[in-house]
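Student: Could you go through this structure with me before I get back to the bench? I'd like to ask short questions as they come up.

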Amino acid sequence: MIRADHLTKTFAGTDRHPVAALKDVSFTAEPGRVFGLLGVNGAGKTTCLRILATLITPDQGVASVQGYNVATQPTEVRRSLGFVSGSTAVFGRLTPREMLACFGQLNGLQGAVLGDRIEALVDRLNLAPFADRLCDQLSTGQKQRVSIARAMLHDPPVLIFDEPTSGLDVVTAQTVMEWIEDVREAGRTVLLSTHVMSEVDRLCDEVAVLHEGRICAVGTPEALRASTDSRTMEESFLRTIGYQRGMGE
Amino acid sequence: MNGIGPIFRKEWREVMRDRRVVIGAFVMPLVLVLFMVVLFGGLNQSVKKAQVQVKIGLVNEGEPNLIATALATAKELRATNYATTALAQAALKKGDIAAVLTFPAGFSQQLVTGGAQVRATFDSRNPRSSIGLGVAREVVSQLNLASVRARFITLNLSGELAEPVRLRPYDVAEKTGAAAMGLVGMLPYLIVMWAFYGGVGTAADLVAGEKERGTLETLLTAPVSRQSVAMGKYLALVGVCALSCLASVGGIILAALLRMPGSTDLAAIVGHSNLVTWLSIAALIFSLVLWFAAALLAVSSWARTMREAQTYLTVAGFIVIMPAVFSQVISFTELGANPAIVWVPVLNTAMGLREALLGQLTLGAVVIPSLQNLGLAVLGYAFVLRLFQQEAILRRN
């Protein structure tokens with residue numbers, strides 16, 4: 001489970017003026033469900049996920065993952081979650097198998113247990129054809145599959161996906177979405193950050209719309225559509241953030 | 001602090017697969033030292049040859065004379081006779097000979113009556129020519145002395161009176177050649193240089209590069225402390241800097257094994273070194289490597305991008321290398337005897353290494369630089385840890 005209570009985060013902008021990235025953000029993501037965090041670029045989604053992944057700390061508010069406080073128990077939090085970002089950052093001069101072994105050891109797995117776990121993921125995510133090639137030589141889709149394997153390696157109860165299909169072709173994006181569905185079926189808590197509304201429709205059990213650092217709406221996709229009198233999730237999202245023609249120009 | 005091992009192994013594996021690092025940090029120091037040994041060794045042999053047998057031209061404008069004959073047979077000279085001064089000077093300008101000695105007409109007569117003069121033509125722009133002139137002057141001086149001694153004996157006087165005062169030099173240094181001395185001057189500089197430059201490429205990649213590629217974020221989501229991540233990276237960098245230094249030393253050993261020019265003299269210097277000397281050298285090098293690795297990692301952690309890190313490290317390289325360069329010439333200046341020198345970072349380590357290689361090691365020359373290097377390493381690493389604890393480690397505004 002993920003809980004965020006009144007999270008606030010401010011950064012120093014390029015001109016040294018403070019920029020509020022998150023303003024009093026609260027939500028709860030339950031096990032066995034996919035919680036979607038929707039927002040345009042710069043809405044504060046990544047900041048929120050980075051706080052939950054213990055990469056940065058909130059200025060105000062409290063967040064917890066599986067009951068562990070992200071600010072005071074970062075190691076326990078990281079042990080409880082798998083984090084996959086859209087940048088598919090993999091170590092270029094390691095092979096997928098070596099990278100998985102490294103992260104397995106960092107998660108306390110060793111010997112035969114680690115070996116079996118790696119082979120299971122290689123098999124399940126179909127990594128075998130490129131498991132012993134350097135990551136630098138892999139396609140974006142292959143790298144993303146390696147990233148997912150890395151996040152799943154220690155069998156975490158919570159998974160955070162930050163725009164996981166960004167830059168992927170249709171087939172690979174489909175594979176990633178199927179994987180997220182499988183993860184939900186397995187009873188894990190999934191937090192999905194995206195601005196692809198078709199993914200929201202397909203995957204999310206509950207969504208929060210984040211705009212200019214604030215949560216504008218929380219609820220099931222159906223409830224959001226109903227509350228904004230919209231036929232599609234995209235239309236609902238645009239109405240929620242108060243979009244008007246020419247706004248993005 | 002668990003997690004240091006996997007991080008270190010991951011970094012080490014990546015470093016060893018980076019061709020730029022392998023060539024720049026491990027192959028280049030070895031090749032450069034071999035090159036230096038050959039250069040200094042070759043130079044030494046060349047100077048010896050130039051001193052032993054200087055090529056000179058002889059022009060006899062009159063009848064053959066005793067001095068010309070003596071010069072032609074002197075073992076220090078290789079004389080060539082020329083018909084005219086013009087021909088000899090043309091050869092001098094071409095560099096075929098180092099000097100021209102012209103015996104004017106009536107020289108033999110002047111030898112008897114006194115006031116005989118040999119015209120020595122040389123080219124002051126050519127160092128070999130100046131050396132040649134010096135050798136020729138020495139040979140003529142010896143001939144003069146022999147002549148005066150012979151006349152004294154003819155007059156029933158002691159031949160020793162021809163040379164009332166003699167200067168007899170005694171060298172307290174080990175019997176080593178100029179090549180080894182040159183290398184002793186160069187080696188500390190090379191070791192210091194590679195301790196720093198060997199790690200530059202790796203350092204820039206270790207943090208700034210990973211920050212830029214987003215892999216540092218991936219690493220920091222692993223359930224290990226940031227201290228462990230920093231330490232794993234630091235140890236990998238220490239390994240690279242140390243190996244780069246050892247590659248320099250490996251070059252010397254290889255040169256000795258291959259019996260390259262200059263390595264024989266160097267072997268004589270190394271031969272007189274005892275266990276204390278080697279332990280002192282190890283302490284100096286290891287403490288320097290610890291400091292440089294911490295400084296390199298601090299710069300890389302501070303930089304936003306790999307390019308920014310490389311720019312800072314290039315500038316830092318000049319600051320670090322300048323004292324090392326200075327260590328080669330400081331012993332020729334009065335500053336070299338200043339006791340405060342032992343407190344100047346980098347310079348003190350280079351001078352300590354030089355003293356160790358020359359067998360003139362003092363306790364202060366090892367202990368002070370080593371402790372200072374360790375202190376700077378602690379400061380540098382504390383700065384790295386501080387940066388790793390901040391959000392700025394991922395992105396600095």
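Tutor: We can take the interface between the chains, then salt bridges, cysteines and a few single residues. Please keep in mind throughout that this is a predicted model.

Student: Okay, how many residues of chain B are in contact with chain A?

Tutor: On the chain B side there are 28 residues in contact, and they meet 29 residues of chain A. The area buried between the two chains is about 2700 Å², with carbon and sulfur atoms giving 55% of that area. Within chain B, the residues that lose the most area to chain A are Thr221(B), Pro223(B) and Glu391(B), which together account for 24% of what that side buries.

Student: And how many salt bridges does the rule find across that interface?

Tutor: The rule finds six salt bridges across the interface of chain B and chain A. One pair there is Glu98(A) with Arg17(B), whose closest N and O atoms are 2.6 Å apart. There is also a network of salt bridges that links Arg93(A), Asp18(B), Arg20(B), Asp205(B) and Arg213(B). Turning to polar contacts, the rule finds 13 residue pairs across the interface, with both residues at pLDDT 80 or more.

Student: Which helices of chain B each supply at least two residues to that side?

Tutor: They are α1 (4-16), α7 (178-213) and α8 (215-220) of chain B. The largest share of the side that touches chain A comes from α1(B), with six residues. By type, the residues on that side of chain B divide into 13 charged, eight nonpolar and seven polar.

Student: What about chain B overall, how many helices and strands?

Tutor: Chain B comes to 14 helices and four strands. It has 397 residues, of which 45% count as buried. If you take the contacts in chain B between residues at least 6 apart in sequence, 76% of those contacts join residues at least 24 apart.

Student: Back to salt bridges, then: which residue does Glu181(A) meet in one?

Tutor: Glu181(A) meets Arg202(A), with 3.0 Å from N to O. That pair links distant parts of the chain, since Glu181(A) sits in helix α6 (residues 170-185) of chain A and Arg202(A) sits in helix α7 (residues 197-203) of chain A, 21 residues apart. Asp201(A) has a salt bridge with Arg225(A), at 2.7 Å from N to O. Here Arg225(A) is in helix α8 (residues 221-227) of chain A and Asp201(A) is in helix α7 of chain A, 24 residues apart.

Student: Is Arg225(A) buried or exposed?

Tutor: Arg225(A) counts as buried because its relative accessible area is 18%, under the 20% cut-off. Its partner Asp201(A), at 40% relative accessibility, counts as partly exposed.

Student: Switching topic, how many disulfides are there over all chains?

Tutor: The count comes to zero disulfides over all chains.

Student: Why is Cys102(A) not bonded to Cys135(A)?

Tutor: The closest cysteine sulfur to that of Cys102(A) is in Cys135(A), and because the two sulfurs are 11 Å apart, they are too far for a bond. Cys102(A) is also buried, at 6% relative accessibility. In chain B, Cys241(B) is in no disulfide, the nearest cysteine sulfur being that of Cys245(B), 7.5 Å away. Cys241(B) is buried as well, with a relative accessible area of 0%.

Student: Where does Asn65(B) lie?

Tutor: Asn65(B) lies in the loop between β1 (54-60) and α3 (66-73) of chain B, and it counts as buried at 4% relative accessibility. A polar atom of the Asn65(B) side chain is 2.6 Å from the backbone nitrogen of Ala68(B). Leaving aside neighbours within four places in sequence, Asn65(B) is in contact with Asn60(B), Phe103(B), Phe107(B) and Ser108(B).

Student: Last one: which loop holds Thr54(A), and what is its phi near?

Tutor: Thr54(A) is in the loop between α1 (45-52) and β4 of chain A. Its phi is near 70°, which is a positive value in a residue other than glycine, and Thr54(A) is buried with a relative accessible area of 7%. Glu212(A) likewise has a positive phi, about 50°, although it is not a glycine. Glu212(A) is placed in the loop between β9 (206-211) and β10 (214-219) of chain A, and it counts as exposed at 56% relative accessibility.

Definitions and conventions. Residues numbered from 1 in each chain as written. Chains lettered and ligands numbered in written order. Heavy atoms only, no water. Contact = heavy atoms within 4.5 Å. Buried area = accessible area lost by both parts, 1.4 Å probe. Salt bridge = Lys/Arg side-chain N within 4 Å of Asp/Glu carboxyl O. Polar contact = N/O pair within 3.5 Å; in protein donor to acceptor, adjacent residues only side chain to side chain. Nonpolar A, V, L, I, M, F, W, Y, C, P; charged D, E, K, R; others polar. Disulfide = S-S within 2.5 Å. Buried < 20%, exposed > 50% of the residue type's maximum accessible area, 1.4 Å probe, protein only.
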